[in-house]
Amino acid sequence: MIPQIYQPARKKEIPFDKKTIEYYYNLYTNESVREKKLQILSRIDRGEFVINKYLIVLTQNERNHLEFYDSAFVSQKVVDKQDLFVVGLAEGYGGAVQIVETIVNEVLRMTGGTDIRTYLLDQQLEFEKRNG
């Protein structure tokens with residue numbers, strides 16, 4: 001599964017919490033949100049309440065790799081005030097679990113290991129170098 005590319009402004013400060021959300025250049029999505037992802041992400045960026053959509057993010061704690069939040073929690077300030085690096089968008093909890101599984105399998109296949117954080121950040125850095 002090759003996710004479509006979503007490239008918003010480099011970092012987007014969202015008004016409800018003074019956080020920034022940055023998106024992975026090759027955002028992982030499942031079929032049910034793929035066609036509407038730009039609209040969904042735009043609503044999330046504005047701090048709007050979006051039901052049953054999950055953001056898969058790199059954790060702030062470097063010992064862990066990924067976690068996911070219902071986007072409604074992000075807009076309601078349940079998630080700590082922190083910057084978010086979003087690597088995936090899914091419909092429902094099950095969809096979020098499937099995307100995490102896809103990411104883990106891809107990292108394992110491409111690197112032979114499970115260092116998800118390093119793989120995704122290296123891919124992002126490589127993309128940014130190529131595209132200025």
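User: Is Arg34 buried or exposed?
Analyst: This is a predicted model, where local features need pLDDT of at least 70, side-chain atom pairs count only at pLDDT 80 or more, and totals for chains, interfaces and linings use all residues. Residues are numbered from 1 along each chain as its sequence is written, and side-chain values use heavy atoms, with hydrogens and water left out. Buried means under 20% relative accessible area, exposed over 50%, and partly exposed in between, with a 1.4 Å probe and protein chains only. Arg34 has a relative accessible area of 13%, so Arg34 is buried.

User: Which residue meets the side chain of Arg34 in a salt bridge?
Analyst: A salt bridge here is a side-chain nitrogen of Lys or Arg within 4 Å of a carboxyl oxygen of Asp or Glu. The N to O distance for Arg34 is 2.4 Å. The partner sits three residues away in helix α1 (residues 31-34), about one helical turn. That partner is Glu31.

User: Is Glu31 buried or exposed?
Analyst: The relative accessibility of Glu31 is 60%. The cut-off for exposed is over 50%. Therefore Glu31 counts as exposed.

User: How many helices and strands are there in the protein?
Analyst: Helices (H or I, at least four residues) and strands (E, at least two) are DSSP runs, numbered from the N terminus. Read along the sequence, they follow the pattern β-β-α-α-β-β-α-β-α-α. The count is five helices and five strands.

User: In β4, which residue is the bridge partner of Ile56?
Analyst: Two strands pair if DSSP finds at least two bridges between them. Strand β3 (residues 53-58) and strand β4 (residues 66-70) run antiparallel and are joined by five bridges. In β4, the partner of Ile56 is Phe68.

User: In β5, which residue is the bridge partner of Ile56?
Analyst: Five bridges also join β3 to β5, and these strands run antiparallel. On the β5 side, Ile56 is matched with Gly88.

User: How many of the residues of β3 are buried?
Analyst: Both faces of β3 are covered. Lys53, Leu55 and Val57 are buried on one side, and Tyr54, Ile56 and Leu58 on the other. The count is six of six.

User: Why is strand β5 largely enclosed by the rest of the structure?
Analyst: Strand β5 covers residues 84-91. It is largely enclosed because, of its eight residues, the number buried is seven.

User: How many residues does the largest nonpolar core have?
Analyst: A nonpolar core is a set of buried Ala, Val, Leu, Ile, Met, Phe, Trp, Tyr and Cys residues joined through side-chain atoms within 4.5 Å. In the largest one, the residues with the most contacts inside it are Tyr24, Ile56, Leu66, Val87, Ile103 and Leu120. β2 (19-29), β3, β5, α4 (92-111) and α5 (116-131) each supply at least two residues of this core. Its size is 18 residues.

User: How many residues are in the second, separate core?
Analyst: Tyr23, Leu27, Ile44 and Val86 are included in the second core. In soluble globular proteins, nonpolar side chains tend to be buried together. The second core has 15 residues.

User: How far apart are the end C-alpha atoms of α4?
Analyst: The expected span of a helix is 1.5 Å times one less than its number of residues. α4 has 20 residues, so it should span 28 Å. The model agrees, with its end C-alpha atoms apart by 29 Å.

User: What arc do the buried residues of α4 cover around the axis?
Analyst: In α4, the buried residues are Gly92, Gly95, Ala96, Ile99, Ile103, Glu106 and Val107. They lie on the same side of α4, because their arc is only 110°. The arc is that of the directions from the helix axis to the C-beta atoms. The value for α4 is 110°.

User: Which exposed residues does the face of α4 turned away from its buried side carry?
Analyst: After α4 comes Gly112, whose phi is positive, near 80°. On α4 itself, the face turned away from the buried side carries Tyr93 and Arg109.

User: Which residue forms a salt bridge with Arg130?
Analyst: Arg130 is exposed, at 53% relative accessible area. Its partner is partly exposed, at 43%. Both lie in helix α5, four residues apart, about one turn of the helix. The closest N and O atoms are 3.4 Å apart, and the partner is Glu126.

User: Which residues do salt bridges that share partners join into one network?
Analyst: The structure holds five salt bridges. One of them joins the side chains of Arg46 and Glu48, at 2.8 Å from N to O. The network is made of Arg43, Arg46 and Glu48.
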